[in-house]
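Load the model and keep the selection panel at hand. The stops below go from one ligand to another.

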Amino acid sequence: MLNVDLERTSINQQVTAPPKEVPADGSFLPLMEEFYTIQGEGYNTGKAAYFIRLGGCDVGCHWCDVKESWDAALHPLTAADTIVANAARHPARAVVITGGEPLLYNLDYLCNELRKKGIKTFIETSGAYPLSGSWDWICLSPKKFKKPVPEILSLANELKVIVFNKSDFGWAEEHASHVSSLCKLYLQPEWSKAEETTPLIIDYVKENPRWQISLQTHKFMNIP
Ligand SMILES: C[S@@+](CC[C@H](N)C(=O)[O-])C[C@H]1O[C@@H](n2cnc3c(N)ncnc32)[C@H](O)[C@@H]1O
Ligand SMILES: Nc1nc2[nH]cc(C(=O)O)c2c(=O)[nH]1
Ligand code: SF4
Ligand SMILES: [Mg+2]
């Protein structure tokens with residue numbers, strides 16, 4: 001009996017055509033890629049996690065390392081149930097939802113289904129759109145090009161500011177003054193300018209030790 005039901009479930013998933021637009025309930029989401037890797041950045045660096053990269057972003061960081069994600073129309077609308085089933089097949093009980101800008105979408109359904117399976121939910125966001133979803137870890141990486149919504153600052157577990165030039169230290173402090181006292185503070189060199197900015201970040205952290213350095217360690221390890 002159980003087998004028959006499972007078979008029916010998988011047949012239903014195959015025959016249901018995806019909608020043309022992202023539904024407001026978040027039951028389908030534009031999925032660019034999903035991969036099992038090691039979190040390379042920030043507080044959870046070094047931990048295994050299943051990454052879900054949603055397509056679509058209008059923030060426009062000129063140094064963005066995943067510009068292929070920006071046009072949501074290029075990424076197939078995928079059932080959140082399928083994404084959850086794929087994530088659950090991996091040993092780590094943690095998922096990182098990233099993009100693109102994942103908060104363009106209603107993430108309530110996806111997060112609830114992941115949590116029902118005992119999977120922890122982590123997000124990488126610019127905070128440019130209101131928060132949806134329920135989160136075990138929020139990494140807020142605010143951008144000058146489209147500022148974060150104010151409500152998200154007090155909810156962030158981690159503030160990760162990308163340093164492209166000297167003015168980003170001021171931008172970092174401006175946001176650090178609005179996060180909670182428990183929020184971890186990171187400065188991460190923009191990848192293409194890292195040789196130039198890393199020495200500045202080192203000096204800054206030595207002078208301002210409540211900040212820590214975050215490096216994109218996955219790029220050194222040549223993993224996704
Ligand atoms: C590609 S973004 C996607 C999530 C979300 N749109 C955001 O910006 O937080 C994932 C993380 O990579 C960081 N990032 C993007 N391009 C980078 C670069 N060239 N150098 C360093 N970090 C970068 C972002 O700041 C963010 O923390
Ligand atoms: N390994 C790995 N760690 C990451 N941390 C944040 C990433 C992202 O693009 O959101 C990322 C990524 O793309 N790969
Ligand atoms: S907000 Fe994130 S995905 Fe969007 S352009 Fe900036 S770094 Fe790229
Ligand atoms: Mg990345």
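Here is the tour, stop by stop.

This is a predicted model: local features need pLDDT of at least 70, side-chain atom pairs count only at pLDDT 80 or more, and totals for chains, interfaces and linings use all residues. Residues are numbered from 1 along each chain as its sequence is written, while chains are lettered from A and ligands numbered from 1 in the order in which they are written.

**Ligand 1.** Select ligand 1 and its 18 surrounding residues (C-beta atom, placed from the backbone, within 6 Å of the ligand). Asp65, Glu124, Ser126, Ser141 and Trp191 come nearest. Strands S5 (120-125) and S7 (158-163) are the elements that give two or more residues to this shell (strands are DSSP E runs of at least two residues, numbered from the N terminus). Colour by class: 6 nonpolar, 7 polar and 5 charged. Asp, Glu, Lys and Arg count as charged; Ala, Val, Leu, Ile, Met, Phe, Trp, Tyr, Cys and Pro as nonpolar; the others, Gly among them, as polar.

**Ligand 3.** Move to ligand 3. The residues around it include Cys57, Cys61, Cys64, Ser126 and Lys143. Its shell has 5 nonpolar, 5 polar and 2 charged residues.

**The cysteines.** Select Cys57, Cys61 and Cys64, which an unreviewed UniProt entry annotates as "binding site"; such annotations may be inferred rather than shown by experiment. Cys57 lies in the loop between S2 (48-54) and S3 (77-79), and Cys64 is in the loop between S2 and S3 as well.

Are they buried or exposed? Cys57 counts as buried because it has 24 C-beta neighbours inside 10 Å. Cys64 has 17, so it counts as partly exposed. The cut-offs are 20 or more for buried, 12 or fewer for exposed, and partly exposed in between, with C-beta atoms placed from the backbone.

**Last stop.** Show the contacts of Cys57 (C-beta atoms within 7 Å): Ser69, Trp70, Gly99, Gly100 and Glu101, not counting residues up to four places away in sequence.

Key
Helix = DSSP H or I, 4+ residues; strand = E, 2+ residues; numbered from the N terminus. Contact = placed C-beta atoms within 7 Å.
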